[in-house]
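Let's take a walk through a protein model together, one stop at a time. Keep the picture open beside you as you read.

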Amino acid sequence: MISKLITFYLLFYDNSVNLFSYADENKDKTMPTNIVVVRASHGIPMINYLKSVSAPLPYLLAQVALSEDLFENPDNLIPEHTLYALLENASLLLDMPDIGFKMTEQLSLDNYGTFGAEVMEKETLNDALLTFIATMGEQSNCPPFWLAQGDGCVWFCRIGSQGLKQGHWQVEQHVVSLMSELVRSYTSAKWTPPFVYFQTNTLKGIETANSLINTRINSNMPITAVCIPNTCLNSAKLT
């Protein structure tokens, strides 16, 4: 297992915490390793989706110096920037600006190996969120996710790896969809967040996102964040 290289910050139920304080304090900190990596189990759903839409997978993987056999062992470590680049290249080649939404909205956390299975074992959404945050450090040495209390809601936040430009928008699509799908698993298949923050200011393809219907979007923000009403937190997992 990857040792937890990052500090787990939990800003839960603390109304004094500014939503952006974690991002402001940590965006310039040097990571304790030279490269950000992620377990292959997080890339396997991407590989499977590209196959399902008949993308030229060997060509796309070669572009980013990856090969399919790297994803045969879900515990293999993959440089994060290569997955970012893979998703953007596929988006451009397939003329699919909403590829991150399309790929992730059809998935459950169960598709993400032992990490997803552990999250989805929890009885309530609150416990699932806390488990997601606490165990992500075993899956990647990227900056952590965290929770911050808002007005009648909790914000599910991440800052992500800073400085990565290629694939940033496609990965934000994926991350927001994944966060939303986690909530949907405990509330309703049609649940959408009332508010979402994106770090990017290019929102091409967002109009097709089923996970963001009637959601108020703010772009060019310092963090990525999904608003979850407090009333959802004790919801039990749907069967």
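Our starting point is I35, which sits in the loop that links α1 (21-26) to β1. Keep in mind throughout that this is a predicted model. Is I35 buried, partly exposed or exposed? With a relative accessible area of 41%, I35 is partly exposed, because that class lies between the 20% limit for buried and the 50% limit for exposed. Leaving aside residues up to four places away in sequence, I35 touches P79, H81 and N141. N141 is worth a second look: I35 and N141 are 106 residues apart along the chain, yet their C-alpha atoms are separated by 8.6 Å.

Now move on to S41, in the loop between β1 (37-39) and α2 (44-52). How does its surroundings compare with the cut-off for burial? The relative accessible area of S41 is 7%, so S41 is buried, as anything under 20% counts as buried. Which residues does S41 touch, not counting those up to four places away in sequence? They are P74, N111, Y112, G113 and Q139.

Next, find two helices. Two packed helices are described by the angle between their axes and the distance between the axes. Here the pair is α4 (residues 80-93) and α8 (residues 168-184), whose axes come within 8 Å and cross at roughly 100°. That angle makes α4 roughly perpendicular to α8, because angles of 65 to 115 degrees fall in that class. On the α4 side, the contact is made by Y84, L87, E88 and S91, while α8 contributes H168, Q170 and V171. Sorted by class, this contact of α4 with α8 has 3 nonpolar, 3 polar and 1 charged residues.

Our last stop is a sheet. Strands of a sheet pair through backbone hydrogen bonds, either parallel or antiparallel. In this model, 5 strands form an open sheet with mixed pairing, and their order is β3-β4-β7-β5-β6. Which strands stand at the edges? They are β3 (145-149) and β6 (216-218); each has a single partner strand, so one side of each is left without a neighbour in the sheet. From one strand to the next, the twist averages 20°.

To see one pairing in detail, look at β4 (residues 153-158) and β7 (residues 224-229), which pair in the antiparallel sense over 6 bridges. You can pick out one of the partnerships yourself: the bridge partner of C157 in β7 is A225.

Terms used: Residues are numbered from 1 along each chain as its sequence is written. This is a predicted model: local features need pLDDT of at least 70, side-chain atom pairs count only at pLDDT 80 or more; totals for chains, interfaces and linings use all residues. Side-chain values use heavy atoms; hydrogens and water are left out. Axes are lines fitted to C-alpha atoms, for helices over the stretch in contact, and angles run from 0 to 180 degrees between N-to-C directions. Helices (H or I, at least four residues) and strands (E, at least two) are DSSP runs, numbered from the N terminus. Angles under 35 degrees count as roughly parallel, over 145 as roughly antiparallel, 65 to 115 as roughly perpendicular and the rest as oblique. Contact means heavy atoms within 4.5 Å. Ala, Val, Leu, Ile, Met, Phe, Trp, Tyr, Cys and Pro count as nonpolar, Asp, Glu, Lys and Arg as charged, and the others, Gly among them, as polar. Two strands pair if DSSP finds at least two bridges between them. Buried means under 20% relative accessible area, exposed over 50%, partly exposed in between (1.4 Å probe, protein chains only).
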